[in-house]
Structure formats: C-alpha cells, structure tokens
Amino acid sequence: QNQVYVIATLKMRGTDKCVVVAATHLKAKKGAANDRIRRVQASQLRRRAERKAETLKERGREDVGVLILGDFNCEPSDTAVRHVLSRGECGDDAAKSREFRSAYPVDVDQTDSSSPEGDLYTTWKTREDGTVR
C-alpha cells in the first residue's frame, strides 16, 4: 500500500507535557476489501501512536496525550473509525488503557447526509462529472 502516516511528538515549552500526533490519509474507494484495508491501517496507526506514547512514559514523561487525525475516507459508523475509538480492540495492552473520542459526533443520526451544507463530515467530492458522496 502507498498510504502513509506521520507520527510526531510535540512538547509544550517549559513543561513536561507532550502529545503524540498521528496523521494519516486512509485508503479511498468503496467496497469490502477497501473497508478491511482502512480498518487495518487505522488499527496500525493507533497501535503505533500508543506505543510511542508508552515509550515516552517509560522515559519519564508523565503527561502524554495522543491525537489521531486525518482523512479516514469513511463514515463515522465504519469499522476504521470505530476501531480507533473502541477501547482495547487493537491488541496491545497499552491501547486498552487509553480511551479516544471523536472531535465530531459519531452518532450518524446527528448528521444530515442529504446535503453538503448540513453534513458535519467532509466526505463530498467534486469532480468534473459532478459532486458525489
């Protein structure tokens, strides 16, 4: 796969506080095979960000946050998003200790997916042949 991610550690000046920031652009296109790829990619990203945070804690950092962001190319109800938000489903003990939440409402009923103006999620694409979700 040619999708990549970036994981960086940011430290607040004058403090011992750090945040691990993980950014990605997951596999696009619809279909079961791509859904599985996105789930694996999201799981891997979460796992690696969690490991980075745990390594920082082992090195003496006390306050380490984790921020995962990017274009997941899916709806909030899809498995890639749910996998990142679900506590302890990534297979690592470190992941079991951290709880994530979305910056957006993940209850699909809270959004109006019938128009780009009413949609909270940026899943609309405009190309030469029109706009599609």
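Modeller: Before we begin, one definition: two strands pair if DSSP finds at least two bridges between them. Please also keep in mind that the structure above is a predicted model.

Colleague: Understood. How many helices and strands does the protein have?

Modeller: There are three helices and five strands. Starting at the N terminus, the elements follow one another as β-β-α-β-α-α-β-β.

Colleague: Which strands make up the open sheet, and in what order?

Modeller: The open sheet has three strands in the order S1-S2-S3, and the pairing is mixed. S1 and S3 are at the edges with a single partner strand each, so one side of each has no neighbour in the sheet. From one strand to the next, the twist averages 15°.

Colleague: Let us take the pairs in turn. Do S1 and S2 run parallel or antiparallel?

Modeller: Strand S1, residues 5–11, and strand S2, residues 17–25, run antiparallel and are joined by seven bridges. For example, Ile7 has Ala22 of S2 as its bridge partner, and Ala8 is partnered by Val21 of S2.

Colleague: What connects those two strands?

Modeller: S1 and S2 form a hairpin, with five residues between them. In the turn, Gly14 has a positive phi of about 75°.

Colleague: And in which sense do S2 and S3 pair?

Modeller: S2 and strand S3, residues 63–71, pair in the parallel sense over nine bridges. Among the partners in S3 are Val64, which bridges to Cys18, and Ile68, which bridges to Ala22. Ala22 thus appears in both pairings, with Ile7 in one and Ile68 in the other.

Colleague: What lies between S2 and S3 along the chain, and is the unit right-handed or left-handed?

Modeller: Helix H1, residues 32–58, joins with S2 and S3 to make a right-handed β-α-β unit.

Colleague: Where does H1 lie relative to the sheet strands?

Modeller: H1 lies across S1, S2 and S3, and runs at about 25° to S1.

Colleague: Now for the interior. Which residues of the largest nonpolar core touch the most other members?

Modeller: That core has 18 residues, and the ones touching the most other members are Val20, Ala42, Val64, Val66, Ile68, Phe72 and Ala80. S2, H1, S3 and helix H2, residues 79–85, are the elements that give two or more residues to the core. H1 gives the most, with five residues.

Colleague: Let me follow up on Ala80. What is Ala80 in contact with?

Modeller: If neighbours within four places in sequence are left aside, Ala80 is in contact with Leu26, Arg38, Arg39, Ala42, Phe72 and Cys74. Two of these, Ala42 and Phe72, are also named among the core members that touch the most others.

Colleague: What share of the whole protein counts as buried?

Modeller: Of its 133 residues, 29% count as buried. The accessible surface comes to about 8800 Å², with 48% of that belonging to carbon and sulfur atoms.

Colleague: A change of topic: where is Tyr5, and what does Tyr5 touch?

Modeller: Tyr5 is in strand S1. Not counting residues up to four places away in sequence, Tyr5 touches Ala23, Thr24, Gln44, Leu45 and Arg48. The C-alpha atoms of Tyr5 and Ala42 are separated by 10.0 Å, and these two residues are 37 residues apart along the chain.

Colleague: Why is Tyr5 called partly exposed?

Modeller: Tyr5 has a relative accessible area of 28%. Buried means under 20% and exposed means over 50%, so a value in between is called partly exposed.

Colleague: And Lys29, is that residue buried or exposed?

Modeller: Lys29 is exposed, because its relative accessible area is 67%, and the cut-off for exposed is over 50%. Lys29 lies in the loop between S2 and H1.

Colleague: What is notable about the phi of Lys29?

Modeller: The phi of Lys29 is positive, about 75°, although Lys29 is not a glycine. Most residues other than glycine have a negative phi.

Colleague: Which other residue that is not a glycine has a positive phi?

Modeller: Asn73 is one of them, with a phi near 55°. Asn73 lies in the loop between S3 and H2.

Note on methods
Residues numbered from 1 in each chain as written. Predicted model: local features only at pLDDT ≥ 70, side-chain atom pairs only at ≥ 80, totals over all residues. Heavy atoms only, no water. Helix = DSSP H or I, 4+ residues; strand = E, 2+ residues; numbered from the N terminus. Buried < 20%, exposed > 50% of the residue type's maximum accessible area, 1.4 Å probe, protein only. Areas by Shrake-Rupley, 256 points an atom, 1.4 Å probe, with all protein chains shown as cover. Right-handed = clockwise from strand over helix to strand, strands pointing away. Axes fitted to C-alpha atoms, helices over the stretch in contact; angles between N-to-C directions. Contact = heavy atoms within 4.5 Å. Core = buried A, V, L, I, M, F, W, Y, C linked by side-chain atoms within 4.5 Å.
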